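Reader: I would like a close look at a single part of this protein, namely the sheet and what surrounds it. Could you take me through that part with care, residue by residue where it helps?

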Amino acid sequence: MTSCFCGGYQALRNKTCDDRNGEKRMIERGTGVALWRQIEQQLAEDVTAGIYPEGSRLPTEPELSERFGVNRHTLRRAVSGLVEQGLLRVEQGRGTFVQEHVVDYLIGKRTRFSEIITKQHRNPAGRLLRAHEFDADQAVANGLKLKAGTPCILLETLNDVDGRPLSISSNYFPAKRFPDLIPVYADTRSITKALTHHGAGDYTRRTTKVMARLPDTEDAKALKQPASKPVLVVESINVDEQNKPVQFCIARFVADRMQIVFET
């Protein structure tokens, strides 16, 4: 923060200015507009102008207090107002962040991650975390209507939107029916294309269950969120045209970046 002489000592005492990025921004005292309200407005303008992009962290409280020439109580009131408006979020121990635009995740008869995100004019991407064959435990066996111990395939993916993680999906498939699933997915980076290769591309959603819980340490790190913040868990079963399960999925979503919309 720098002080600026604007018409004498009184103006100097009543105003503070910030010339970050070469532009002076005035916070005026004695105008009848509360200082915290002026700071709230200025920070909102900074977000709108892209000075603080979606998902970015604001400067620390001491830095912002110095910038505006106010105490932390006044600054916190301004930040609190922007949190209530949904423009900012405060993560305990990490700082204050610009809230991202929420993704509408449509759950319908045909639920396809890439299609859902692309239709919102956003950029989907996926990265394979692990892929291997294993003997199904009881939970996976129940989801795929198999006997426990039946060979299955796990594809675990990290799904991004606009370069930021949105979800981790653990996808399970019967190995006997989809023998080439892992190499085809590695080549196409698409579960739909991998299932289509095996004649099951027109799969539909049979059931969806939603719950909230705390993430484990590995998920929290991959999703770039604190382990103390809940994730939204979506458990789903997709079936083929004969109503036979082809995919059992347990997805963990960053809860404050998306909202689930059920198509009825």
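Author: A good place to enter is the pair formed by S169 and A251, since S169 stands opposite A251 in β11. Please keep in mind throughout that this is a predicted model. The two strands concerned are β8, residues 164–174, and β11, residues 245–254, which run antiparallel to each other and are joined by six bridges.

Widening the view from there, β8 and β11 belong to an open sheet of six strands, whose order is β6-β7-β8-β11-β10-β9 and whose pairing is antiparallel. At the edges of this sheet lie β6, spanning 124–135, and β9, spanning 204–213, and each of these pairs on one side only. From one strand to the next the twist averages 15 degrees. Helix α7, made of residues 181–188, packs on the sheet, where α7 touches β6, β7 and β8, and the direction of α7 makes about 15 degrees with that of β7.

Strand β7 deserves a closer look, and D160 is a residue to pause at, for D160 lies in this strand, which covers residues 151–161. Which side chain of opposite charge is nearest to D160? That side chain is R127, at 5.9 Å, and D160, although buried, has no salt bridge. The cut-off for a salt bridge is 4 Å between a side-chain nitrogen of Lys or Arg and a carboxyl oxygen of Asp or Glu, and therefore the 5.9 Å separating D160 from R127 does not qualify. Once neighbours within four places in sequence are left aside, the residues in contact with D160 are F113, N123, P124, A125, P165 and L166.

Turning to the stretch that leads towards the helix on the sheet, R177 is placed in the loop between β8 and α7. Is R177 buried or exposed? R177 is partly exposed, its relative accessible area being 32%. With neighbours within four places in sequence again set aside, R177 is in contact with H198, A200, D240, K244 and V246. The C-alpha atom of R177 is also separated by 9.4 Å from that of C152, a residue 25 residues apart from R177 along the chain.

For completeness, a pair of helices can be described as well. The axes of α3, residues 61–68, and α4, residues 72–84, come within 9 Å and cross at roughly 100 degrees, which means that α3 is roughly perpendicular to α4. Where these helices meet, E61, P62, L64, S65 and F68 are the residues contributed by α3, while R72, L75 and R76 are those contributed by α4.

Note on methods: Residues are numbered from 1 along each chain as its sequence is written. This is a predicted model: local features need pLDDT of at least 70, side-chain atom pairs count only at pLDDT 80 or more; totals for chains, interfaces and linings use all residues. Side-chain values use heavy atoms; hydrogens and water are left out. Helices (H or I, at least four residues) and strands (E, at least two) are DSSP runs, numbered from the N terminus. Buried means under 20% relative accessible area, exposed over 50%, partly exposed in between (1.4 Å probe, protein chains only). Lys and Arg count as positive and Asp and Glu as negative; His and the chain ends are not counted. Contact means heavy atoms within 4.5 Å. Two strands pair if DSSP finds at least two bridges between them. Axes are lines fitted to C-alpha atoms, for helices over the stretch in contact, and angles run from 0 to 180 degrees between N-to-C directions. Angles under 35 degrees count as roughly parallel, over 145 as roughly antiparallel, 65 to 115 as roughly perpendicular and the rest as oblique.
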